[in-house]
Amino acid sequence: MKRAILNAVLDATGITSYRWRRQPAGLYCFNFHRVGNDDGSAFHPNLYSCTGSRFAEIVAFLRSNFEMIGIDQVVQLVESGTVPDRRYGMISFDDGYVDGYEVAYQVLLRHGCPAVFFLPTDFIDGREVPWWDRIAWRVAQLGNGTLQVPGADQSIRITRADLKGSIRRVLRVVKDSPSVPMLEKVVAIETQVDCPDIRESGSRLFLSWDQVREMRRGGMWFGSHSRSHRILSHLSEAEQLAELSESKRILEAQIREPVDALAYPLGGLDTYTDFTKRAAKACGFKIAFNFHGGMNRDPAAHRYDIQRITIEGNMSVRLVRRAVAYALSS
Ligand SMILES: [Zn+2]
């Protein structure tokens, strides 16, 4: 609430507009997850960035305010060491959900706007459900109660009235207990909530390789988001190297061209390490994206730490503009 009042004051006094105009040349990356209607379905509700119609508004807004470029031109910028002389914009999608094809790609085609889709290759073309959706499903089925996560001291209260908050709390504890392997945590949660397995729901959640190739022919780009989308900083060095190199190999075999870009799964500062960045470079990635907000005044200076602005909660164009106005330079 306090934040809302502060924002209203900053907007009304013209400070937001002033900052928007004064933001420097550089690379502004806008990251999405799912696009479409959060219809209260079983899956992780916090992953919906915006509806399809809102996405179309945001793309139109970005196209009229930024020079929108694909990952090929972004890689060119960092390879040549060029400090941007204008405001470049780039759209990215993490996780490879099928709505990236069914909704987002159709909008991008209509606007002639490129985007890069970062894929966790184990999920593409398969019916596997990722750990965050398996957990969200069990939390939603529990309704009211408590859950115990292995490796965490305290049980977590779940309330039907605050389902999104409950899911967020459980996922935070899951992410903050690196000593226990992810699968063990997921299975432990599943055994505490007796309900049908989400994996039996039947529908395909992620893109198929045919859709990926069709999108590539339509001008979209693809990058790695690891193989299994586990948190890299929780893995051994050998496991991290395998996640990065194998996802790159699988992608390149499927789309038959070099894959230069990586987005760290989750991408917060504690989800990858200096080793991860060295591993990305050793595997042949030319650029890597994290997931803490901000713009990149000189992307070549931190090419394995490119910052992205998060689009979430069905943000209006006005809120996207504000996110740009207050984006800090790296
Ligand atoms: Zn992700």
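Start at the contact between the two domains: in this predicted model, nine residues of domain 1 are in contact with 13 residues of domain 2. To colour the two parts, select 25–52, 69–127 and 205–319 for domain 1 and 131–200 for domain 2, as the domain assignment gives them. If you place a pseudo-atom at the centre of each domain, taken over C-alpha atoms, the two centres are separated by 26 Å.

**The whole chain**

Now zoom out and switch to a cartoon, where the secondary structure of the protein comes to twelve helices and twelve strands. The radius of gyration is 20 Å, close to the 20 Å that the globule rule gives for 330 residues, so the protein is as compact as a globular protein of that length. Along the principal axes, the C-alpha trace spans about 55 × 50 × 35 Å. Buried residues make up 40% of the 330 residues, and of the contacts between residues at least 6 apart in sequence, 72% join residues at least 24 apart.

**The nonpolar cores**

Nonpolar side chains tend to be buried together in soluble globular proteins, and the cores are the next thing to select. The largest nonpolar core has 71 residues, and those with the most contacts inside it are Tyr28, Val116 and Ala288. Centre the view on Tyr28 and, leaving out residues up to four places away in sequence, show what it touches: Phe66, Arg87, Tyr88, Gly89, Met295, Ile309, Val324 and Ala327. A second, separate core of 14 residues includes Trp132, Ile135, Trp137 and Ile167.

**Helix 7**

From Ile167, extend the selection to the whole of helix 7, residues 163–175. At 1.5 Å a residue, these 13 residues should span 18 Å, and the end C-alpha atoms of the helix are 18 Å apart, which agrees. Within helix 7, show the side chains of Ser166, Ile167, Val170 and Val174, which are buried. Looking down the axis of helix 7, you will find that its buried residues fall within an arc of 100°, so they line one face of the helix. An α-helix has 3.6 residues a turn, so residues three or four places apart point the same way. To see what that face meets, add helix 6 (131–142), strand 7 (145–147), strand 8 (156–158) and helix 8 (182–192), against which the buried residues of helix 7 pack.

Leu171 is also in helix 7, but with 19 C-beta neighbours inside 10 Å it counts as partly exposed, because a residue is buried only if 20 or more lie within that distance. Leaving aside neighbours within four places in sequence, Leu171 is in contact with Trp132 and Ile135. A distance drawn from Leu171 to Trp132, C-alpha to C-alpha, comes to 7.1 Å, although the two are 39 residues apart in sequence.

**Two buried loop residues**

Which residues does Pro84 touch, when those up to four places away in sequence are not counted? Select Pro84 in the loop between helix 4 (71–80) and strand 5 (87–94), and you will find Ala25, Gly26, Leu27 and Leu77 in contact with it. Pro84 and Leu27 are 57 residues apart in sequence, yet 7.1 Å apart in space, C-alpha to C-alpha. With 21 C-beta neighbours inside 10 Å, Pro84 counts as buried.

Move next to His225, in the loop between strand 9 (221–224) and helix 10 (237–255). His225 is buried, with 29 other C-beta atoms within 10 Å. Not counting residues up to four places away in sequence, His225 touches Asp94, Asp95, Phe118, Leu119, Pro120, Ala263 and Pro265. For a separation in the other sense, draw the line from His225 to Ser203: they are 22 residues apart along the chain, and their C-alpha atoms are separated by 22 Å.

**Two positive phi angles**

Most residues other than glycine have a negative phi, and the tour ends with two residues whose backbone angles deserve a look. Asp125, in the loop between strand 6 (116–119) and helix 6, has a phi near 70°, a positive value in a residue other than glycine. With 17 C-beta neighbours inside 10 Å, Asp125 counts as partly exposed. Asn314 lies in the loop between strand 12 (309–310) and helix 12 (317–325), and its phi is near 55°, again a positive value in a residue other than glycine. Asn314 counts as partly exposed, with 16 C-beta neighbours inside 10 Å.

Definitions and conventions. Residues numbered from 1 in each chain as written. Predicted model: local features only at pLDDT ≥ 70, side-chain atom pairs only at ≥ 80, totals over all residues. Helix = DSSP H or I, 4+ residues; strand = E, 2+ residues; numbered from the N terminus. Expected span 1.5 Å × (residues − 1). Buried ≥ 20, exposed ≤ 12 C-beta atoms within 10 Å, placed from the backbone. Arc of directions from axis to C-beta. Contact = placed C-beta atoms within 7 Å. Rg over C-alpha atoms; globule rule 2.2 N^0.38 Å. Core = buried A, V, L, I, M, F, W, Y, C linked by C-beta atoms within 7 Å. Domains from an automatic or database assignment.
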